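Visitor: I would like a guided walk through this structure, with the reasoning spelled out. Could you show it to me?

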Amino acid sequence: MLRASVIEKEAIPNMQSELAGSIIAAVRQVCPDRDALRALHEPVFEGREAEYVQDCVRTGWVSSVGSYVDRFEEDLAAVLKVERAVAVVNGTAALEMALRLVGVRRGDEVIMPTLTFVGTANAVTHAGGVPHFIDSDPVTLGLDSAVLRNHLLEVADRDGATVHNRITGRRIAGVLPVHIYGHPVDLDSLARVCSEFELPIVEDAAEALGSLYNGKPAGSFGRIAALSFNGNKIVTTGGGGAVLTNDPELGRLAKHLTTTAKQAHAWRFDHDMVGWNYRLPNINAALGCAQLERLDEFVALKRGLAKRYADTFAGSPRISFVHEPHGSMSNYWLNTVRLDSADELDTVLAEINAAGIATRPTWTLMHRLPMYADAPRSELAVAEDLAARILNIPSGVKVARAGV
Ligand SMILES: *Cc1c(COP(=O)(O)O)cnc(C)c1O
């Protein structure tokens with residue numbers, strides 16, 4: 001039944017709503033390759049990926065020891081312009097470690113946006129913390145620092161260098177901004193608010209590898225930051241993540257804690273803390289080394305695609321393309337459009353997907369998920385409005401290449 005109705009819709013384009021019809025036309029104009037449009041963000045392996053992975057298989061160094069992990073960490077630190085990068089099993093684990101390393105302890109609250117991927121909130125929970133949700137900035141789509149400041153003035157109690165939530169009684173341990181879809185948050189004003197309240201910044205840069213804020217890499221601003229190399233990110237290791245920091249002691253601890261806190265010794269198994277087995281396997285790091293070699297090219301292609309989408313949507317009265325924020329250079333991980341009306345999203349999504357174009361709404365807001373329904377929060381009106389009106393359209397490198 002479902003199949004039949006899908007085919008019918010595709011065959012009779014005038015059954016589509018005007019909004020869906022104009023998005024379908026615009027996307028096909030930008031990318032005539034129908035096959036490429038079936039995925040939101042597909043990985044591309046056409047550099048030295050197979051060579052490096054084969055090298056791991058040939059030498060037997062596929063797992064927890066091998067030179068690609070060191071090389072990947074060095075390459076990442078160079079790209080991000082940070083002191084230290086530590087490769088781990090995924091982005092959620094990287095975030096959990098980052099939060100623990102800035103001192104998040106059981107029962108502490110961590111400020112974060114409600115509009116983000118669930119991994120951000122889960123990392124807070126895994127670190128023993130409680131997410132505290134703040135509204136989104138309609139321009140950057142990330143945490144709104146003005147809302148954060150007003151909210152903290154309302155709920156925060158200062159006691160020396162410690163901040164408590166006077167409503168819940170819990171300590172507020174840090175701020176976790178997310179660079180949504182690759183667009184950097186307003187880091188200058190966020191840094192001002194965080195230093196006013198003496199709260200450390202942990203950047204969730206999972207989607208923002210290759211993005212710049214005032215010419216500096218996203219992921220190099222916080223005390224510590226996390227990246228993800230999941231299969232749908234701009235660069236992938238299959239699964240993977242990294243902790244980034246300019247603090248050598250935090251970097252050393254990140255490495256130690258994610259490698260079972262083993263003390264270096266030729267044969268002894270001595271461990272001085274309860275550690276984690278979060279180390280990225282060598283075979284995944286090998287894939288990552290090859291992918292990183294292509295990052296500049298991927299960013300350039302994706303920015304070219306964003307420009308074409310922006311130009312094409314510029315003529316649509318009811319659809320606006322979400323541009324990179326002023327002063328930032330976005331990697332445009334996922335291209336985003338905003339509809340003028342809030343009640344047509346479901347119909348539009350159904351119709352565009354039925355036409356064979358991968359289109360997704362933003363994530364269900366964190367405070368709408370059952371496990372986070374009772375979490376503390378600010379007013380969340382902007383995030384609610386965005387969630388009702390934005391959608392992501394095909395954004396991968398293959399899409400970017402078609403139609404050039
Ligand atoms: C992908 C992603 C993560 C988690 O990364 P995984 O590698 O999937 O664990 C966290 N936060 C954001 C915003 C992400 O997009």
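Visitor: Let's begin with a helix. What covers the buried residues of α7?
Guide: Happy to start there, and please keep in mind that this is a predicted model. The cover comes from strands and from a helix. It includes β2 (109–113), β3 (130–134), β4 (156–159), β5 (162–165), β6 (171–175) and α8 (187–196).

Visitor: Which residues of α7 are buried, and what arc do they cover around the axis?
Guide: Helix α7 takes in residues 145–155, and its buried residues are Ser145, Leu148, His151, Leu152 and Val155. An α-helix has 3.6 residues a turn, so residues three or four places apart point the same way. The buried residues of α7 are on the same side of the helix, because the arc they cover is only 120°.

Visitor: Which backbone nitrogen does the side chain of Asp144 reach at the start of α7?
Guide: Look at the start of the helix, where a side-chain oxygen of Asp144 comes to within 2.9 Å of a backbone nitrogen. The residue that owns this nitrogen lies in α7 itself. It is Ala146.

Visitor: Does that residue count as buried, exposed or partly exposed, and what is its relative accessibility?
Guide: Buried would need under 20% relative accessible area and exposed over 50%. Ala146 falls in between, so it counts as partly exposed, with a value of 49%.

Visitor: How far apart in space are Ala146 and Lys302?
Guide: In sequence, 156 residues separate Ala146 and Lys302. In space, taken from C-alpha to C-alpha, the separation is 30 Å.

Visitor: Now the sheets. In what order do the strands of the four-stranded open sheet come?
Guide: We can build the order from the pairs, which are antiparallel. β12 is joined to β14 by three bridges, β14 to β16 by four, and β15 to β16 by two. At the edges stand β12 (319–321) and β15 (360–361), each pairing on one side only. Read across, the order is β12-β14-β16-β15.

Visitor: Which residue of β16 is the bridge partner of Arg360?
Guide: The partner belongs to strand β16, which covers residues 390–393. On the β14 side, Thr336 stands opposite this residue as well. The partner of Arg360 is Asn392.

Visitor: Which residues of β16 point the same way, and are they buried or exposed?
Guide: In a regular strand the side chains alternate between the two faces of the sheet. In β16, Ile390 and Asn392 point one way, while Leu391 and Ile393 point the other way. As for burial, all of them are buried.

Visitor: In β14, which residue is the bridge partner of Ile319?
Guide: The strands to compare are β12 and β14, which run antiparallel. β14 spans residues 335–339. The partner of Ile319 there is Leu339.

Visitor: Which side chain makes a polar contact with Ser341?
Guide: Ser341 sits in the loop between β14 and α12, and it is buried because its relative accessible area is 14%. Leaving out residues up to four places away in sequence, it touches Arg318, Ala388 and Arg389. The polar contact, at 3.0 Å, is with the side chain of Glu344.

Visitor: Which residue with a positive phi follows α12?
Guide: Helix α12 runs over residues 345–354, and its buried residues include Leu345, Val348, Leu349 and Ile352. Past the helix, phi is positive, near 85°, at one residue. That residue is Gly356.

Visitor: Which strands stand at the edges of the three-stranded open sheet?
Guide: The order in this sheet is β9-β8-β13, with antiparallel pairing. β8 (residues 212–213) pairs with β9 over two bridges, and Leu212 stands opposite Pro217 in β9. Each edge strand has a single partner, so one side of it is left without a neighbour in the sheet; the edge strands are β9 (216–217) and β13 (328–329).

Visitor: To finish, what is the radius of gyration of the chain?
Guide: The chain has 14 helices and 16 strands, and its C-alpha trace spans about 70 × 60 × 45 Å along the principal axes. Buried residues make up 55% of the 404 residues. A compact globule with 404 residues would have a radius of gyration near 22 Å, so the value for the chain agrees: 22 Å.

Key
Residues numbered from 1 in each chain as written. Predicted model: local features only at pLDDT ≥ 70, side-chain atom pairs only at ≥ 80, totals over all residues. Heavy atoms only, no water. Pairing = 2+ DSSP bridges. Buried < 20%, exposed > 50% of the residue type's maximum accessible area, 1.4 Å probe, protein only. Arc of directions from axis to C-beta. Contact = heavy atoms within 4.5 Å. Polar contact = N/O pair within 3.5 Å; in protein donor to acceptor, adjacent residues only side chain to side chain. Rg over C-alpha atoms; globule rule 2.2 N^0.38 Å.
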